[in-house]
Amino acid sequence: MSWVDHLVCWFAEYKRSLPWRESNDAYAVWVSEIMLQQTRIEAVLGYYQRFMRAFPTVEALAGAPLERVLKLWEGLGYYSRARNLHKAAQQIVERGGFPRTSAELQTLAGIGEYTAGAIAAIAFGEPALAIDGNVMRVVSRLYALEEDVLLASSRKHVKELLLQVYPKNRASDFVQGLMELGELVCIPKTPRCESCPLQTDCQALARGLQTRLPLRVPKTKQRLEHRIVCIVQKEGKVLLFQRPQEGLLQGLWEYPNVLAAEPKKARSALKETYGIDLKPLELMGKAEHVYTHIRWQMQFFRAEAGSDFAAARRPYRWATREELRQDIMLPTAFKKIDWEEWS
Ligand code: SF4
């Protein structure tokens, strides 16, 4: 037997009895999946039963006042889930019924790829996938994948592996079996391999990697930098300086800017860096830009420049809007506010 057969048989025998599993009805599966996002099963059970008593059908939910839906959601948190549930119920009623494919389900409010895949597979038998952290963990261990599970490429790889073995006539049990195994047996720190139906197929277990996988590569910590950015305009042009030929963004053109959190403190640093007097006057906007190791928090100021450009310490130019759009490579960080509306 393949691991898929082992999984599906195990699920048929050992699955927990949960209220939304009684019918595998699309509405029930949908409500449960939305409630289970960021919330544990034990916490969801009572809410689910109250919710379904109050709104037993998608029509009942669509016709209910939003306040009542939110009231029944009280305590579950993340209220946008309840708002979207209500909105999507109205969309379903307007369209004359539940969409039956994962692609169509994703056009409804609050339904992403995971939830759409779960509903399509469980309620309609579509060979769709619902890949969350649990499924990533199970598959990473089963195939001993030494890839960072947080990367989109790893998710794509897991998807390809699962599609290669997908039992097309057992979509519901396959998708739920993977979820259930990840929740009950192949758990995060201490997988219960001794009672796992996949133990003879599991490559992580064979190689003793089961507690080392899945792999998560910690993100490098980013240094926070506050920057004051000066937008100096003259006769429809804006002042740019060239960055040094080494380091970050080497040789690119930029608006004059320095490390500082307040405009007053920026002036001497501006003079020091650019050789001319630059005076930030009025805040135009704020923006953030993240590089691999640095996070810039920028405040853009309309600014004035002194007239002594002979003392400039870096190459400078006055650029028209057209040149900025077409010819000049401005770092993305500086494109984050539209200063033109201030001219
Ligand atoms: S054998 Fe262990 S590591 Fe492998 S799938 Fe089962 S529980 Fe997970």
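**Entry 1. Ligand shell**

I count a residue as near a molecule or strand if its C-beta atom, placed from the backbone, lies within 6 Å of it. The model I am reading is predicted: local features need pLDDT of at least 70, side-chain atom pairs count only at pLDDT 80 or more, and totals for chains, interfaces and linings use all residues. I number residues from 1 along each chain as its sequence is written.

I looked up the surroundings of the ligand and found 15 residues, of which Cys186, Pro191, Cys193, Cys196 and Cys202 come nearest. Two elements, α9 (133-142) and α12 (203-206), give two or more residues to this shell. For elements I use DSSP runs numbered from the N terminus: helices are H or I with at least four residues, strands are E with at least two. The most comes from α9, with 3 residues.

I then sorted the shell around the ligand by class and noted 11 nonpolar, 2 polar and 2 charged residues. In this scheme Ala, Val, Leu, Ile, Met, Phe, Trp, Tyr, Cys and Pro are nonpolar, Asp, Glu, Lys and Arg are charged, and the others, Gly among them, are polar.

**Entry 2. Helices α9 and α10**

I stayed with α9 and listed its buried residues: Val135, Val138, Val139, Ser140, Arg141 and Leu142. Buried means that 20 or more other C-beta atoms lie within 10 Å of the residue's own; exposed means 12 or fewer, partly exposed is in between, and the C-beta atoms are placed from the backbone. The cover over the buried residues of α9 includes α1, α10, α11 (171-184) and α12. For contact I require C-beta atoms, placed from the backbone, within 7 Å. After α9 comes Ala144, with a positive phi near 50 degrees.

Next I checked α10, which runs over residues 152-165 and has 14 residues. From first C-alpha to last, α10 reaches 21 Å, close to the 20 Å expected at 1.5 Å a residue. The expected span is 1.5 Å times one less than the number of residues. I found α10 hardly covered, with a count of 1 buried residue among its 14.

**Entry 3. Whole chain**

I counted 14 helices and 7 strands in the protein. The radius of gyration is 28 Å, well over the 20 Å that the globule rule gives for 343 residues, so the protein is more spread out than a compact globule. The radius is taken over C-alpha atoms, and the rule is 2.2 Å times the number of residues to the power 0.38. Along the principal axes the C-alpha atoms fill a box of roughly 85 × 55 × 35 Å.

Of the 343 residues, I find 31% buried. Among contacts in the protein with a separation of 6 or more, 65% join residues 24 or more positions apart.

I also looked up the confidence, given as pLDDT, the predictor's own value for each residue from 0 to 100. Its mean over the protein is 92, and 99% of the residues reach 70 or more. Among the elements, helix α14 (residues 321-326) has the lowest mean pLDDT, 84, and helix α4 (residues 58-63) the highest, 98.

**Entry 4. Backbone details**

I noted a cis peptide bond from Leu213 to Pro214, with omega near 0 degrees. Pro214 sits in the loop between α12 and β1 (223-234).

Where is Asn24? I placed Asn24 in the loop between α1 (3-14) and α2 (26-36). Its phi is near 55 degrees, positive in a residue other than glycine. Asn24 is partly exposed, with 16 other C-beta atoms within 10 Å.

Gln38, in the loop between α2 and α3 (41-54), also has a positive phi, near 60 degrees. Gln38 counts as exposed, since it has 9 C-beta neighbours inside 10 Å.

**Entry 5. Single residues and distances**

I found Leu45 in helix α3. Leu45 and Ser32 are 13 residues apart in sequence and 8.8 Å apart from C-alpha to C-alpha.

I placed Glu235 in the loop between β1 and β2 (237-242). Glu235 is exposed, with 6 other C-beta atoms within 10 Å. Its C-alpha atom is separated by 28 Å from that of Lys265, 30 residues apart along the chain.

Last, I checked Gly306, in the loop between β6 (294-305) and β7 (316-320). Gly306 is exposed, with 12 other C-beta atoms within 10 Å. Leaving out residues up to four places away in sequence, Gly306 touches Ile276 and Asp277. Between the C-alpha atoms of Gly306 and Tyr79, 227 residues apart along the chain, I read 53 Å.

Note on methods: Contact = placed C-beta atoms within 7 Å.
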